[in-house]
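Me: I am new to this structure. Please take a close look at its aromatic rings, then work outward from there.

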Amino acid sequence: MDHRPSPLSLLPPDLREATLTGVPLRELTTLRIGGPADLVCPARNPDDAKRFQAFAADRGLPFFVLGGGSNLLGADEGCGGVVLRVATTGFAVRGDTVRAGAGLDFDDLIARTLGAGLTGLEFASGIPGTLGGALVGNAGCYGHEIGEFLVEALVLRPDGRLETVGPEAFGFAYRATALRETRTIVLEALLRLGRGDPAAAGAQRAGHIADRRRKHPVDLPSAGSWFRNLPPAEPGGRRQPAGVLLEQAGAKAMREGDAAVFAKHANIVVNLGRATSADVRRLVERMRAAVRERFGVELVEEVRQLGP
Ligand SMILES: Cc1cc2nc3c(=O)[nH]c(=O)nc-3n(C[C@H](O)[C@H](O)[C@H](O)COP(=O)(O)OP(=O)(O)OC[C@H]3O[C@@H](n4cnc5c(N)ncnc54)[C@H](O)[C@@H]3O)c2cc1C
């Protein structure tokens with residue numbers, strides 16, 4: 001028998017109170033897959049984040065940062081250690097800037113900035129997840145990316161330092177940042193927006209949301225596009241959608257257990273009900289192999305793994 005105290009009992013009382021244990025990853029991710037997380041720790045402010053991070057480091061526990069879980073595949077076996085859920089939710093408009101908590105729902109943030117007369121983010125309407133997740137993944141669509149708007153961010157470094165950094169520290173790239181690979185946690189961001197035509201921005205927002213409803217799975221759990229689009233054939237050209245290659249390689253007919261390729265978009269994996277992460281892994285490897293065999297192209301995954 002294991003007589004070691006559970007990690008929960010070792011947390012200071014105020015952090016313990018807010019911490020959840022054994023929450024299935026399927027309840028924390030939009031693809032609705034995955035076994036229990038040992039400790040789900042909400043960081044409501046920078047100090048919480050710092051203390052949870054130090055707790056994991058001091059005890060040598062695995063440490064994972066979670067936003068809205070909309071770009072993650074939860075492991076069937078769950079996730080040991082600390083899952084830090086970024087839950088900073090401040091919101092303050094000043095001039096043409098907004099300072100916002102990285103735990104804010106990204107689409108709510110867009111609605112609130114438009115409500116405050118600030119335009120610019122409407123292109124991203126309907127992207128699920130949090131502001132922090134959007135920033136570290138440089139979320140984008142319709143030719144724009146969130147990285148274009150960042151002035152500075154409050155981040156927590158892996159060594160426990162809180163720092164305010166500018167966009168150069170993020171190293172924004174296509175659906176990626178250099179910062180994400182350093183295990184730095186984004187807690188707050190200052191974005192510079194514009195004072196354009198609110199009616200036009202509102203109409204664009206409504207149009208994008210309607211477009212997403214038509215093209216994306218609304219009734220089925222998913223994690224968005226699985227693979228990255230391919231680099232442009234010539235400099236300055238458009239990226240080649242991975243979905244087109246997947247469709248031509250026959251991916252739309254693929255299914256493994258309850259994990260299937262979405263009928264309207266060959267780059268989206270949906271959970272038909274009881275899909276496991278093993279089902280998804282098998283399906284994703286079949287999709288990748290089909291494109292490799294047909295086109296000699298190696299697709300790179302955009303969705304990340306949560307758990308071992
Ligand atoms: C239906 C659907 C449509 C989508 N459409 C788009 C789209 O058009 N464009 C697009 O770019 N994406 C899209 N996505 C993917 C996803 O919504 C984005 O990648 C989103 O920005 C992820 O944010 P999140 O908070 O859910 O991150 P999570 O899924 O929780 O985490 C993703 C990664 O970011 C890290 N992370 C999260 N928050 C932080 C933080 N505060 N600090 C440090 N690291 C952090 C995590 O550790 C993990 O590595 C879509 C997803 C779905 C389900």
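Reply: Start with what counts as a pair. Two rings of Phe, Tyr or Trp (its six-membered ring) pair if their centres lie within 6.5 Å. Planes under 30 degrees apart count as stacked. Keep in mind that this is a predicted model.

How many aromatic pairs does the structure hold? There are 2. One joins Phe123 and Phe149. Their centres are 5.9 Å apart, and their planes meet at 15 degrees. The pair is stacked, because that angle is under the 30 degrees required. Now place the two residues. Phe123 sits in the loop between α3 (106–115) and α4 (131–137). Phe149 sits in the loop between β9 (144–145) and β10 (150–156). The pair therefore ties together parts that are 26 residues apart in sequence. Are these two residues buried or exposed? Phe123 has a relative accessibility of 3%, so it counts as buried. Phe149 has a relative accessible area of 12% and is buried too.

Phe170 and Phe172 also form a stacked pair. Here the rings are 5.1 Å apart, centre to centre, with 15 degrees between the planes. Phe170 is buried, at 0% relative accessibility. Phe172 is partly exposed, with a relative accessible area of 25%.

Some rings have a charge over them instead. The charged end of Arg112 sits over the ring of Phe91, 4.1 Å from its centre. Arg239 lies over the face of Tyr174, and the distance to the ring centre is 3.7 Å.

Next, the helix α3. At its start, a side-chain oxygen of Asp105 comes within 3.2 Å of the backbone nitrogen of Asp107. Which residues of α3 are buried? They are Phe106, Asp107, Leu109, Ile110, Thr113 and Leu114. Look down the axis of α3: these buried residues fall within an arc of 155 degrees, so they line one face of the helix. A general rule helps here. An α-helix has 3.6 residues a turn, so residues three or four places apart point the same way. What do the buried residues of α3 pack against? Their partners are the strands β6 (91–94), β7 (97–101) and β14, and the helices α4 and α6 (198–215). Just after α3, the backbone of Gly117 takes a positive phi of about 85 degrees.

Positive phi appears elsewhere as well. Most residues other than glycine have a negative phi. Arg175 is not a glycine, yet its phi is positive, at about 50 degrees. Its place is the loop between β12 (172–173) and β13 (176–177). With a relative accessible area of 15%, Arg175 is buried. Arg183 is another such residue, with a positive phi near 60 degrees. Arg183 lies in the loop between β13 and β14 (185–192). What about its surface? Arg183 counts as exposed, at 54% relative accessibility.

Arg175 leads on to the ligand. A polar side-chain atom of Arg175 lies 3.4 Å from an oxygen atom of the ligand. Gly67 makes a contact through its backbone: one of its polar backbone atoms is 2.8 Å from a ligand oxygen. Val186 also uses its backbone, with an N or O atom 2.9 Å from a nitrogen atom of the ligand. Which residues come nearest to the ligand? Of the 33 residues around it, those are Val65, Ser70, Thr130, Gly140 and Arg212.

One more residue is worth a stop. Gln53 is in helix α2 (residues 46–59). Gln53 counts as buried, at 7% relative accessibility. A polar atom of its side chain lies 2.8 Å from the backbone oxygen of Arg157. Leaving aside neighbours within four places in sequence, Gln53 is in contact with Phe63, Leu156, Arg157, Pro158, Gly160 and Ile185.

Last, go towards the start of the chain. Pro12 lies in the segment before α1 (13–18). Pro12 is partly exposed, with a relative accessible area of 30%. Its C-alpha atom is 9.3 Å from that of Arg51, although 39 residues separate the two along the chain.

Key: Residues numbered from 1 in each chain as written. Predicted model: local features only at pLDDT ≥ 70, side-chain atom pairs only at ≥ 80, totals over all residues. Heavy atoms only, no water. Helix = DSSP H or I, 4+ residues; strand = E, 2+ residues; numbered from the N terminus. Buried < 20%, exposed > 50% of the residue type's maximum accessible area, 1.4 Å probe, protein only. Phe/Tyr/Trp six-rings, centres within 6.5 Å; stacked < 30°, edge-to-face > 60°. Lys NZ or Arg CZ within 6 Å of the ring centre and 35° of its normal. Arc of directions from axis to C-beta. Contact = heavy atoms within 4.5 Å. Polar contact = N/O pair within 3.5 Å; in protein donor to acceptor, adjacent residues only side chain to side chain. Near = heavy atom within 4 Å.
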